[in-house]
Structures are given as C-alpha cells and as structure tokens.
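Student: I'd like a close look at a single part of this protein, please. Could you pick one stretch, walk me through it, and then show me how its surroundings are put together?

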Amino acid sequence: MAEAGHGHGHGHGHAVSGNADRKLLSGALALIVGFMLAEVVVGFAAGSLALITDAAHMLTDAIAIVLALVAIRLSAKPPAGGFTYGFKRVEILSAQANGITLLLLAAYFVYEAVNRMIHPPEVKGALVLITGVVGIVVNLFATWLISKANRSSLNVEGAFQHILNDLFAFIATALAGLVVLLTGFARADAIAALVVAALMLKAGVSLVRDSGRIFLEAAPAAIDPQALGAELCAIEGVVEVHDLHVWEITSGEPAASAHVMVAEGLDCHQIRVKIETLLAERHSLTHSTLQVDHASDSDIAAHCSDAHGTVHRSITDAGRGPDLASPGHSPAAH
C-alpha cells in the first residue's frame with residue numbers, strides 16, 4: 001500500500017494589499033534613486049569617496065526594492081508549463097547577482113580607500129556633511145514607507161533591512177564630513193568609505209551564501225536532516241525512513257519528501273497524517289510529499305540497497321540493524 005501525502009500551508013498574513021505594497025515600495029524606490037543620482041554628482045564635486053560608496057550602497061537598496069516589486073508581481077502568477085514552482089526562484093537568482101555585485105564593489109572601494117589613506121585628496125567637508133545628513137533623512141522616510149507595507153513578505157522585509165542598514169553608512173559619512181570640516185583630517189572620508197565597504201561585504205557574503213545553499217538544495221540552516229530522520233523514526237509504527245530530502249523552494253519556503261516504511265497491519269494513512277503534523281508544527285515544513293509503504297523483510301532489503309542518503313531505522317526494530325545505516329548512492333528513484 002502506498003500513499004503520497006502533500007501538506008501545503010502558507011501562513012503569510014497580509015496587512016495591506018499587493019497594490020498598496022507596490023505603491024509604498026515604488027515611493028521608496030523613487031526617493032532612493034533620486035537621492036542616489038544626486039549623491040554621485042555631489043560625491044565627485046566634493047572629492048568624497050565616502051559619498052560615492054554610499055551611492056553604490058544605495059544602488060543595492062534600489063535593486064532590493066525592485067526585486068521585491070518583481071517578486072510581488074511574479075508570485076501572483078500560478079505555475080505553468082515546465083515551471084512547476086512558478087517563478088519563485090527568480091528572487092534567488094537576483095539575490096545571488098546582487099551579492100556578487102556587492103562583493104566586487106566592496107573590494108574596489110577598499111582598494112580606493114587604502115589609496116586615499118596613503119595619499120589623501122582634498123575633501124570638501126561641508127558638502128559631505130550636508131549630503132550625509134540629507135541621506136539620513138531620505139533613508140528614514142523610505143524606511144517609514146516600507147514599514148507600512150506587508151513585512152510578513154520576505155522580499156519586503158529584505159528591502160526594509162537593506163535601507164535600515166544603509167542608515168549606518170550615512171551616519172558614518174556625516175561624521176566623516178564633520179571631522180573634515182572641523183579638523184581638516186581628510187583621511188576621515190576614506191575611513192568612512194571603509195565602514196561602508198565593510199557593510200557591503202557583510203551583506204554580499206550573506207546573500208551569496210544563502211542563495212548558494214538554496215541553489216544546491218541544501219537543508220535550511222534551522223533543520224538538521226539527520227535529527228529529523230531520527231525524529232520521524234520515533235513515531236510509533238514507523239520502521240524506516242529513507243530518501244529523506246529537505247530543501248528550500250525559495251527563501252523562507254522549505255519543503256520535504258521521504259519514503260516511509262511502516263509496520264505491517266498498521267494504517268499508512270494515519271501514520272502519514274502524524275508525520276505531516278510533526279513536520280508542520282515542529283519544523284514549519286508545510287510543503288511535504290511522503291510515500292508511505294508497509295514494510296516487510298524483503299522490502300527493507302531492497303530499499304536499503306539503493307536509498308539516497310542516510311537510511312534511518314527505528315531503534316525498536318532491533319532485528320533490522322542500527323538506527324542509522326550507511327548511505328547508498330544509486331540514482332534509482334522510489
């Protein structure tokens with residue numbers, strides 16, 4: 001007897017409509033892009049690397065908001081054709097490109113900042129200070145706009161955190177401008193640029209790492225597949241669990257699949273419901289696909305020989321070996 005179970009739950013509350021989200025995000029985007037262009041012009045006029053690095057950081061903010069807008073639109077489209085998950089991973093493609101861009105920009109600005117530490121150019125502190133203060137005000141207003149949108153959406157929350165993080169960069173820039181204005185210490189501008197580059201480096205590494213894990217279909221950081229397999233085997237009636245896979249469809253949307261062997265004479269459907277409940281309530285795995293079969297000695301021998309990954313067995317099933325058997329490597333599907 002075999003059953004495939006699918007648990008699907010999307011607990012995304014919506015305080016405002018998608019249209020309202022788009023308007024709020026578009027307003028924040030207009031502010032960010034407008035000020036970013038002005039900052040580039042002032043940065044070159046003032047000879048300030050800190051302002052130019054701030055503008056580059058704001059470019060990543062604009063990209064994050066654009067991604068959120070695109071994701072809102074694409075997420076409304078149902079899966080079609082060969083895209084069985086729809087276009088959910090467009091967000092991950094863009095996040096990886098954004099992360100790589102951040103890393104490259106950070107490396108360039110570190111190089112430029114070190115050069116300016118050695119050979120400091122003339123910096124117009126008043127322009128840097130004024131632009132930094134205006135940048136703080138613009139970012140505060142943009143943050144307020146996005147905070148009114150549906151932040152239960154990971155995309156919107158990501159854009160919100162991007163802009164919130166940018167406030168620190170503008171504070172550093174404003175302080176650098178004040179130091180240059182009061183003391184004439186031009187290297188303060190390069191130091192502020194290094195602070196901004198460090199923020200870009202931190203964000204870039206995080207984006208590349210997290211998007212890479214999703215593309216490689218690694219388990220979410222909060223879920224240990226080995227511990228999960230043992231947990232499933234602890235359910236009464238479960239003899240073995242193999243072909244256990246846990247991955248993320250897109251950020252914040254984990255999924256799982258497994259082949260479960262249960263003792264003969266038990267209700268496969270009832271045990272499947274127990275497993276789905278455990279996955280959803282303890283691990284937020286509301287997307288699950290389970291194949292549940294009755295176990296016999298011949299079944300166990302056949303499935304153990306070509307299972308994908310670790311074979312998890314119930315410790316109460318002493319006659320069939322240890323809890324964790326050696327993984328198999330055959331590409332055969334079950």
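**Strand 2 and its surroundings**

Tutor: Happy to. The protein has 9 helices and 6 strands, and please keep in mind that this is a predicted model. Of the 334 residues in the protein, 46% are buried. Sequence-distant contacts matter for the picture too: among contacts between residues at least 6 apart in sequence, 75% join residues at least 24 apart.

Let's settle on strand 2, which covers residues 238-250. Is strand 2 enclosed or open? Buried means under 20% relative accessible area, and 12 of the 13 residues of strand 2 are buried, so the rest of the structure largely encloses this strand. As background, side chains in a regular strand alternate between the two faces of the sheet.

Now for the partners of strand 2. One of them is strand 3, residues 253-262, and the two pair in the antiparallel sense over 9 bridges. If you want a place to put your cursor, try T250, which stands opposite E253 in strand 3. The hairpin formed by strand 2 and strand 3 has 2 residues between the strands, and in this hairpin G252 takes a positive phi near 80°.

Strand 2 also pairs with strand 5, residues 309-313; these two run antiparallel and are joined by 2 bridges. Here the residue to find is E240, whose bridge partner in strand 5 is R313.

Next, step back along the chain to helix 7, residues 225-233, which packs against helix 8, residues 268-283, at an angle of about 135°, with the axes 11 Å apart. That angle makes helix 7 oblique to helix 8. The crossing of helix 7 past helix 8 is right-handed. Which residues meet there? From helix 7 come L228, E231 and L232, and they meet I275, L278, L279, R282 and H283 in helix 8. Sorted by class, this contact has 5 nonpolar, 1 polar and 2 charged residues.

For a second helix pair, turn to helix 3, residues 90-118, and helix 6: their axes come within 7 Å and cross at roughly 155°. Helix 3 is therefore roughly antiparallel to helix 6. Helix 3 passes helix 6 in a left-handed crossing, and the residues of their contact divide into 26 nonpolar, 6 polar and 3 charged.

Helix 6 spans residues 187-215 and includes D210. With a relative accessible area of 36%, D210 is partly exposed. D210 and A95 are 115 residues apart in sequence, yet their C-alpha atoms are 8.9 Å apart in space.

One last stop is G177 in helix 5, which runs over residues 154-183. Is G177 buried or exposed? At 1% relative accessibility, G177 counts as buried. Leaving aside residues up to four places away in sequence, G177 touches G125, V128 and L129. G177 also lies 9.7 Å from V133, C-alpha to C-alpha, with their positions 44 residues apart in sequence.

To return to your chosen part: strand 2 is largely enclosed, with 12 of its 13 residues buried, and it pairs in the antiparallel sense with strand 3 and runs antiparallel to strand 5.

How values were computed:
Residues are numbered from 1 along each chain as its sequence is written. This is a predicted model: local features need pLDDT of at least 70, side-chain atom pairs count only at pLDDT 80 or more; totals for chains, interfaces and linings use all residues. Side-chain values use heavy atoms; hydrogens and water are left out. Buried means under 20% relative accessible area, exposed over 50%, partly exposed in between (1.4 Å probe, protein chains only). Helices (H or I, at least four residues) and strands (E, at least two) are DSSP runs, numbered from the N terminus. Two strands pair if DSSP finds at least two bridges between them. Axes are lines fitted to C-alpha atoms, for helices over the stretch in contact, and angles run from 0 to 180 degrees between N-to-C directions. Angles under 35 degrees count as roughly parallel, over 145 as roughly antiparallel, 65 to 115 as roughly perpendicular and the rest as oblique. A crossing is left-handed if the near helix is turned anticlockwise from the far one by less than a right angle, and right-handed if clockwise. Contact means heavy atoms within 4.5 Å. Ala, Val, Leu, Ile, Met, Phe, Trp, Tyr, Cys and Pro count as nonpolar, Asp, Glu, Lys and Arg as charged, and the others, Gly among them, as polar.
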